[in-house]
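The following exercises concern the strand arrangement of one protein model. Each task is followed by a solution in steps.

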Amino acid sequence: MLIRRTTQYPALRRIVVLCAAVCVLSLSGCTPQSDIYTVDTNPVSWSVGELKAVEFDNADTLSLRDIYIIFRYVNENDYGDIPLAISAITPSGLRWTDTVLLRRGEGQQISNVMRDGETLYRHGVLLQEDGRYVFEFNPLREIEGIYSIGVYFYKKRESL
């Protein structure tokens, strides 16, 4: 007489099946929806012509992205908006330069408190080339109180 022991460890079987399902789902194309690249600046004085750059390697040529300029600052000396020239350089060497105003946070300003700011730079961008992209930041006047600056890529759900 053959005895089947399929009901001997039903809880263990459920755990194994659950673990396998989690492993399969985690490996099935779930990628991060955002990437952040930053560089430190001199918070005492960031002068005109003092370029700061972030570099990143792009392998995703199908996802649409929103690009934000992010920065960390202290409101010791609030000079209002921050004029900045941004140059984007593609892997093939194509360069385009834009002028952007970074807006500091509104509301009650407390001095000596570190804050983060962001400004939408481009909406629905497709990075069509594989390879290294470079973003250069150049202040258009001397700036104080900026600790770091960078780019934040948010991948949109719809892709090509």
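**Exercise 1.** Which residue in E7 is the bridge partner of Ser-87?

*Solution.* The model is a predicted one. Strand E4 covers residues 82-89, and Ser-87 is to be followed across to strand E7, residues 131-139. The bridge partner found there is Glu-136. This bridge belongs to the pairing of E4 with E7, which is antiparallel and comprises six bridges.

**Exercise 2.** Determine how E4 is joined to E5, and describe the connection between these strands.

*Solution.* Strand E5 spans residues 95-102 and runs antiparallel to E4, with eight bridges joining the two. One bridge links Ile-89 to Arg-95 in E5. The two strands form a hairpin with five residues between them, and Gly-93 adopts a positive phi near 100° there.

**Exercise 3.** State the strand order of the open sheet, and explain why E2 and E5 each have one side without a neighbour in the sheet.

*Solution.* The four strands follow the order E2-E7-E4-E5, and their pairing is antiparallel. Strand E2 (52-58) and E5 occupy the edges; each has a single partner strand, so one side of each lacks a neighbour in the sheet. From one strand to the next, the twist averages 20°.

**Exercise 4.** Identify the strand that holds Asn-138 and the backbone atom that its side chain reaches.

*Solution.* Asn-138 is part of strand E7. Its side chain comes to 2.9 Å from the backbone nitrogen of Gly-49. Beyond its neighbours within four places in sequence, the contacts of Asn-138 include Ser-47, Val-48 and Gly-49, as well as Leu-84 and Ala-85.

Terms used: Residues numbered from 1 in each chain as written. Predicted model: local features only at pLDDT ≥ 70, side-chain atom pairs only at ≥ 80, totals over all residues. Heavy atoms only, no water. Pairing = 2+ DSSP bridges. Polar contact = N/O pair within 3.5 Å; in protein donor to acceptor, adjacent residues only side chain to side chain. Contact = heavy atoms within 4.5 Å. Axes fitted to C-alpha atoms, helices over the stretch in contact; angles between N-to-C directions.
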